[in-house]
Amino acid sequence: MSTQGSVTADRPAARLPGGGQTARGGVALGLATALLATVGVWLTWRVFVDTAAGQRVDQAVFEGARYGQNALWRVAEPVLEVVSVPFIALVLVAAVLIAVVRRRWGLAAQVVLLMGGANLTTQVLKKFVLDRPDLGVTSVYPNALPSGHTTAAASVAAAFLFVVPPRARPWAAVLGAAYTAATGVSTLVGNWHRPSDAVAAILVVLAWSGVACALAATSRRRPVAASVRGATPGSRTGPRPTTSGVVGGLLALVALGAAVPAGVALQALWTSEGPLSTQRELLVAYAGGALGVVATSCLAFAVMLTVRQAAGRSG
């Protein structure tokens, strides 16, 4: 045996530099995401529920959903029927089992925190914290923000983004964004919720995803340099950054593409005078509200993917 081979076999693997800094960065990014998403929930309520102008625009979407409802409901109803307490429990068990099979005990705790925290927060906010003041715009309704169905769908999608292997996360983010957007828009089609309810629900899940990512970063395994036959200090495990970056960028572009017309519709309706009652106004509101939900879902999962990748591999 050569001297070089003997040294290679006996040399302990050295830890790569920067592991602590990376973990701290992941924690900071996760907590910042949670904070910004929480502020987003409050702003959504403050603008669209706690002001007369916001209620006026939000209600126009609600009324505009009646156009073409019979045809659209045939597509939306099956999407909403899937979401239930047993469904959430089943997905939670499945996600935890996936984490356990992968021997990621910390990951199982993160999934429980994410799904339990998001769904519980939505119910507490809706029933005990936030209210819907009577501002003379609509009939008096109980507060419905955030949407429970959209929260459930988004938390399910986020949970699978967490538990799948790193290489599958970008595609889990795409599917999660699509499923969450479909559920949120379906609640509009069925006149179950207004767009602000769905947007706030997605932001609640994003906030808890940030908390879970911060937890993942604290339990991150320090990268270890492999031997001569293994990876070099410059190599990486998990997905190539370009894959996650490209997918996250595409989700952000879709979000922007939906947000621009949604913003134009919102601005036109917000500045118009008198009641929003014509067919054109209601359809513009409906389309704008639906696009707003799509934009929020795509952006949330783009952020979620980025923060989850930054958090690294949990223990």
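## Report on an all-helical predicted model

The secondary structure of the protein comes to 11 helices and 0 strands. The coordinates belong to a predicted model. Read from the N terminus, the order of elements is α-α-α-α-α-α-α-α-α-α-α. The protein has 315 residues, of which buried residues make up 47%. Among contacts between residues at least 6 apart in sequence, 87% join residues at least 24 apart.

### Nonpolar core

The largest nonpolar core holds 71 residues, and within this core Met115 and Leu251 touch the most other members. Once its neighbours within four places in sequence are set aside, methionine 115 is in contact with Ile88, Val91, Leu92, Ser155, Val156 and Ala159.

### Individual residues

Serine 297 belongs to helix α11, which covers residues 279-311. Serine 297 counts as buried because its relative accessible area is 0%, under the limit of 20%. Beyond four places in sequence, the contacts of serine 297 are with Ala177, Thr180, Ala181 and Ile202.

A second serine, serine 219, sits in the loop between α9 and α10. Its relative accessibility is 29%, so serine 219 counts as partly exposed. Serine 219 and alanine 23 are separated by 196 residues in sequence, and their C-alpha atoms are 8.3 Å apart in space.

Tryptophan 73 is part of helix α4, residues 69-82. Its relative accessible area of 22% places tryptophan 73 in the partly exposed class. Residues up to four places away in sequence not being counted, tryptophan 73 touches Pro78, Leu80, Ser186, Val189, Gly190 and Trp192. The C-alpha atoms of tryptophan 73 and leucine 188 lie 9.9 Å apart, with the two positions 115 residues apart in sequence.

The accessibility values of these residues, together with those of two cysteines, are set out below.

| Residue | Relative accessible area | Class |
|---|---|---|
| Serine 297 | 0% | buried |
| Cysteine 213 | 1% | buried |
| Cysteine 298 | 7% | buried |
| Tryptophan 73 | 22% | partly exposed |
| Serine 219 | 29% | partly exposed |

Cysteine 213 is buried at 1% relative accessible area, and cysteine 298 is buried at 7%. A disulfide is a covalent bond between the sulfur atoms of two cysteines. With a pair of cysteine sulfur atoms within 2.5 Å as the criterion, the count comes to 0 disulfides.

### Pocket and cavities

Rolling a probe the size of a water molecule over the atoms shows where empty space is left. The second largest pocket contains about 450 Å³ of space. Its lining consists of 25 residues, and those closest to the centre of the pocket are Phe48, Val199, Leu266, Gly288 and Gly292. The elements that each give two or more residues to this lining are α2 (19-48), α3 (52-64), α9 (195-218), α10 (241-271) and α11. Helix α11 provides the largest share, 8 residues. Classified by residue type, the lining of the second largest pocket has 17 nonpolar, 7 polar and 1 charged residues.

Enclosed space is also present: the count comes to 2 cavities of 30 Å³ or more. The largest cavity contains about 60 Å³ of space. Its lining is formed by Gln55, Arg132, Pro133, Asp134, Leu135, Thr138, Ser139, Val140 and Tyr141. These lining residues divide into 4 nonpolar, 3 polar and 2 charged.

### Backbone geometry in the loops

Most residues other than glycine have a negative phi, and most peptide bonds are trans. Two loop positions are described here with regard to these rules. The peptide bond that joins leucine 145 and proline 146 is cis, with omega at about 5 degrees. Proline 146 is located in the loop between α6 (105-129) and α7 (148-163). Asparagine 191, a residue other than glycine, has a positive phi near 60 degrees. Asparagine 191 is placed in the loop between α8 (169-189) and α9.

How values were computed: Residues are numbered from 1 along each chain as its sequence is written. This is a predicted model: local features need pLDDT of at least 70, side-chain atom pairs count only at pLDDT 80 or more; totals for chains, interfaces and linings use all residues. Side-chain values use heavy atoms; hydrogens and water are left out. A nonpolar core is a set of buried Ala, Val, Leu, Ile, Met, Phe, Trp, Tyr and Cys residues joined through side-chain atoms within 4.5 Å. Buried means under 20% relative accessible area, exposed over 50%, partly exposed in between (1.4 Å probe, protein chains only). Contact means heavy atoms within 4.5 Å. Helices (H or I, at least four residues) and strands (E, at least two) are DSSP runs, numbered from the N terminus. On a 1 Å grid over the protein atoms alone, a cavity is a set of points where a 1.4 Å probe fits but cannot get out, and a pocket is an open set with protein on both sides within 12 Å along at least five of seven lines; lining residues have an atom within 4 Å of a point. Grid points are joined across faces, edges and corners, and a volume is the space filled by probe spheres set on the points. Ala, Val, Leu, Ile, Met, Phe, Trp, Tyr, Cys and Pro count as nonpolar, Asp, Glu, Lys and Arg as charged, and the others, Gly among them, as polar.
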